Amino acid sequence: MHDIYFQLLILNIGTQQTSKKFPNKIGGEVNQGVFEDSVQPIIDAGKVESITGRFEVLPGIVLEPAPGHTPGHMVLKVESCGEHAVFVGDILHHLIQIYCPNWNSIFCEMAEDARNTRRNVLSYAAQNSALIFPAHFGGQHAVWVTEKDNRFDIAYTKPI
């Protein structure tokens, strides 16, 4: 499949025109300066504990690698009283990616890894009835998904 990118926040759905902010840029080019602006100050302040691989924060709260969007990207999985939730960060930028998990946003730096991670997280959520908490969906929403014949569907969206 060809690389398919949708331009979230810079695509005018009504006119199909893109913003001049990111013409023809994808991945690292779009993300330039974000690490230095938003992450490096936290590191410099000594407020970061570096981890690699799966890391149990507390019983039932686990960070897991989720490569693709940016180096070091992780998801947070929570389990309590038999219920599951997954905080997906930048894995999903728009609801359409549930139906089309092979679609990357222009911000995904490692395109194939992003697709694989998205599919794996959606499968986990479907198999465990995990409530997905995305960082970028419009409004304040969480969503459950189902999987059938290697396709995903929205089971329910829930305002939070």
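A search of the whole structure, a predicted model, finds 1 cavity of 30 Å³ or more. The largest cavity has a volume of about 40 Å³. Which residues line the largest cavity? The lining is made up of Ala66, Pro67, Gly68, His69, His73, Asp90, Ile91, Cys108, Ala114, Thr117 and Arg118. By type, the lining of the largest cavity holds 5 nonpolar, 4 polar and 2 charged residues. Rolling a probe the size of a water molecule over the atoms shows where empty space is left.

**The largest pocket**

Next comes the open space. The largest pocket holds about 830 Å³ of space. Of the 29 residues that line the largest pocket, the closest to its centre are Phe35, Val39, Pro71, Gly72 and His73. His73 thus appears in two lists: it lines the largest cavity, and it is among the residues closest to the centre of the largest pocket. Helix α1 (34-44) and strand β5 (61-65) each supply at least two residues of the pocket lining. The largest share, 6 residues, comes from α1. The lining of the largest pocket divides into 13 nonpolar, 12 polar and 4 charged residues.

**The chain as a whole**

How many helices and strands does the protein chain have? There are 3 helices and 11 strands. Along the sequence, they follow the pattern β-β-β-α-β-β-β-β-α-β-α-β-β-β. The protein chain has 160 residues, and buried residues make up 32% of them.

**Rings and a charge**

A search of the whole structure finds 1 aromatic pair. Its partners are Phe87 and Phe133, and the pair is stacked, with 4.6 Å centre to centre and 10° between the planes. Phe87 lies in strand β7 (residues 83-89) and Phe133 in strand β9 (residues 131-134), so the pair ties together parts that are 46 residues apart in sequence. Phe87 counts as partly exposed, because its relative accessibility is 34%. Another ring has a charged partner: Lys77 lies over the face of Tyr124, at 3.7 Å from the ring centre.

**A buried arginine**

Look at helix α3 (residues 111-128), where Arg115 lies. Is Arg115 buried or exposed? Arg115 is buried, because its relative accessible area is 5%, and the cut-off for buried is under 20%. The side chain of Arg115 reaches the backbone oxygen of Asn102 at 2.8 Å.

**Loops**

Gly60 lies in the loop between β4 (55-58) and β5. Gly60 and Glu79 are 19 residues apart in sequence, but 4.8 Å apart in space, C-alpha to C-alpha.

Most residues other than glycine have a negative phi. Asp149 departs from this sign: its phi is near 55°, a positive value. Asn150 also has a positive phi, of about 65°, although it is not a glycine. Where does Asp149 sit? Asp149 is found in the loop between β10 (141-148) and β11 (151-159). Asn150 has its place in the loop between β10 and β11.

The table sets out the accessibility of the loop residues named here.

| Residue | Relative accessible area | Class |
|---|---|---|
| Gly60 | 23% | partly exposed |
| Asp149 | 68% | exposed |
| Asn150 | 52% | exposed |

Why does Asn150 count as exposed? Exposed means over 50% relative accessible area, and Asn150 has 52%, so it falls in that class. Gly60, with 23%, is partly exposed because its value lies between the cut-offs of 20% and 50%.

Methods: Residues are numbered from 1 along each chain as its sequence is written. This is a predicted model: local features need pLDDT of at least 70, side-chain atom pairs count only at pLDDT 80 or more; totals for chains, interfaces and linings use all residues. Side-chain values use heavy atoms; hydrogens and water are left out. Helices (H or I, at least four residues) and strands (E, at least two) are DSSP runs, numbered from the N terminus. Buried means under 20% relative accessible area, exposed over 50%, partly exposed in between (1.4 Å probe, protein chains only). A polar contact is a pair of N or O atoms within 3.5 Å; within protein, one must be able to donate a hydrogen and the other to accept it, and residues adjacent in sequence count only if both atoms are side-chain atoms. On a 1 Å grid over the protein atoms alone, a cavity is a set of points where a 1.4 Å probe fits but cannot get out, and a pocket is an open set with protein on both sides within 12 Å along at least five of seven lines; lining residues have an atom within 4 Å of a point. Grid points are joined across faces, edges and corners, and a volume is the space filled by probe spheres set on the points. Ala, Val, Leu, Ile, Met, Phe, Trp, Tyr, Cys and Pro count as nonpolar, Asp, Glu, Lys and Arg as charged, and the others, Gly among them, as polar. Rings of Phe, Tyr and Trp (its six-membered ring) pair if their centres lie within 6.5 Å; planes under 30 degrees apart count as stacked, over 60 as edge-to-face and the rest as tilted. A charge sits over a ring if NZ of Lys or CZ of Arg is within 6 Å of the ring centre and within 35 degrees of the ring normal.
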